Amino acid sequence: MASSSMDLTEKRSMINPTNGKLITKVSEGTRKDVDTAVAAARKAVETTWGLNVSGAKRGELLNNLANLMEKNKAELAALEAMDNGKTYDWAFGTDLSFGISVIKYYAGWADKIHGQSIETDERKLVYTRHEPFGVGQILPWNFPLLLFTWKIGPALAAGNAIVLKSSEFTPLTAIRMGQLIHEAGFPPGSVNIITGYGPIVGAALSEHPDIDKIAFTGSTLVGRKVMEAAAKSNLKATTLELGGKSPNIIFEDADLEQAVNWAAHGILFLKMFTEKAKSIKVGDPFHTNTDQGPQVSQVQYDRIMGYINSGKEQGATVHLGGDRYGNEGYFINPTIFTDTKPDMKIVQEEIFGPVGVVIKFEDEEDVLRQANDTVYGLAAAVFSQNINRALQTAHKLKAGTAWVNCVNQLHPNVPFGGYKQSGIGRELGEYALHQ
């Protein structure tokens with residue numbers, strides 16, 4: 001934690017997903033650690049943080065942090081690649097660059113957060129205040145550092161004190177960020193970072209009566225548990241960014257080369273799509289020519305292979321891949337399924353791996369029916385050179401974000417979040433400040 005030492009009891013081995021070897025061991029947090037962190041956060045809000053610090057000063061501290069992230073960019077990217085398995089180039093060029101821009105964006109907001117003055121009649125004036133409180137935050141393993149910035153940026157800009165749990169699979173960048181937060185000059189207790197398991201630390205955060213808000217990114221299954229605990233405890237506010245099954249709709253008039261490149265960038269169309277998938281270089285995330293590293297853990301590797309086996313058993317055709325890559329680590333070859341049916345598990349559920357599911361459609365009505373036939377609604381994409389058709393289709397998709405002729409284009413000033421079982425609330429942009 002940034003405020004005090006954890007109650008060191010057990011340690012968890014951090015395994016390098018590239019080769020299955022030990023990186024280091026990290027302490028497992030306990031419920032006692034959560035209590036300590038919450039008390040430190042409450043004390044900070046009442047004494048040295050929150051409204052005791054001007055918006056201008058909060059913005060200065062956030063800019064300090066952004067500058068330290070820039071200074072330590074290579075180290076943070078290396079930690080992310082080693083811990084998570086994503087390529088170093090992706091971590092450095094995308095996650096770190098985007099994360100730094102998020103912190104800078106909210107640094108600019110810090111002195112512009114205010115209430116309103118409302119004149120109710122000639123004799124009365126009412127004013128509103130935006131008051132900070134204690135926030136619990138739970139991170140996933142897929143974008144550990146990037147989502148760290150999504151969570152802390154708006155919270156700190158508004159003066160909230162934070163107790164944050166990193167994923168038990170990928171805690172290394174969170175630990176390093178804690179050191180940089182301290183170096184940036186944030187007061188003790190303003191940010192508290194705990195490593196540990198979801199059923200212990202995550203549950204304690206969700207249930208804690210002195211936490212006013214819980215923000216969680218992860219699976220819909222766990223999101224339900226977080227929301228239930230938040231309701232049963234002190235009815236704390238929640239922001240949930242959960243699972244997704246994002247359809248990429250490619251019409252016959254699309255620029256196929258563009259569509260294939262973006263589709264491979266998103267989840268992974270057929271001749272050109274196959275060639276693109278074959279060109280994806282799987283290997284060591286620290287090699288400059290690598291496009292795809294290993295999966296984050298043995299658990300996630302087994303989960304993805306379970307979906308691949310399910311697709312085979314339910315009658316889908318493995319058009320490409322469907323097996324492991326190499327003899328060590330948690331590598332899976334880029335995989336494409338064809339001849340799929342709407343009720344197949346690989347069509348309905350989020351796989352969260354290098355597996356693309358190709359589904360044919362007849363017309364716009366048919367594709368909308370299929371694309372919306374899911375419990376999720378996080379994001380979607382439409383590819384067509386007919387911009388009217390593309391926009392009309394995008395507007396009818398039940399998803400929080402709909403891209404046109406691109407995929408995964410995110411910006412600090414643009415809100416992101418889902419419909420249906422993909423979550424509640426929005427992150428990024430001004431919207432995140434009001435959640």
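Start by selecting residues 73–84, helix α3, together with residues 172–184, helix α6, in this predicted model. Their axes come within 8 Å and cross at roughly 155 degrees. Angles over 145 degrees count as roughly antiparallel, so that is how α3 sits relative to α6.

Now show the side chains where the two helices touch. On α3, pick E75, L76, L79, E80, M82 and D83; on α6, pick L172, T173, R176, M177 and L180. Try colouring them by class: the contact of α3 with α6 has 6 nonpolar residues, 4 charged ones and 1 polar one.

Next stop: a sheet. Select β10 (248–250) and β15 (401–404), then add β14, residues 379–383. These 3 strands make up an open sheet with parallel pairing, and the order to follow across the sheet is β10-β14-β15. β10 and β15 are the edge strands; each has a single partner, so one side of each has no neighbour in the sheet. Look along the sheet and you can follow a twist that averages 15 degrees from one strand to the next.

Zoom in on the pairing of β14 with β15. The two strands run parallel and are joined by 4 bridges. For one of the residues involved, click A379, whose bridge partner in β15 is T401.

For the last stop, keep the sheet on screen and add residues 387–396, which form helix α14. This helix lies across β10, β14 and β15. Compare directions as you rotate the view: α14 runs at about 170 degrees to β15.

Definitions and conventions:
Residues are numbered from 1 along each chain as its sequence is written. This is a predicted model: local features need pLDDT of at least 70, side-chain atom pairs count only at pLDDT 80 or more; totals for chains, interfaces and linings use all residues. Side-chain values use heavy atoms; hydrogens and water are left out. Two strands pair if DSSP finds at least two bridges between them. Axes are lines fitted to C-alpha atoms, for helices over the stretch in contact, and angles run from 0 to 180 degrees between N-to-C directions. Contact means heavy atoms within 4.5 Å. Angles under 35 degrees count as roughly parallel, over 145 as roughly antiparallel, 65 to 115 as roughly perpendicular and the rest as oblique. Ala, Val, Leu, Ile, Met, Phe, Trp, Tyr, Cys and Pro count as nonpolar, Asp, Glu, Lys and Arg as charged, and the others, Gly among them, as polar.
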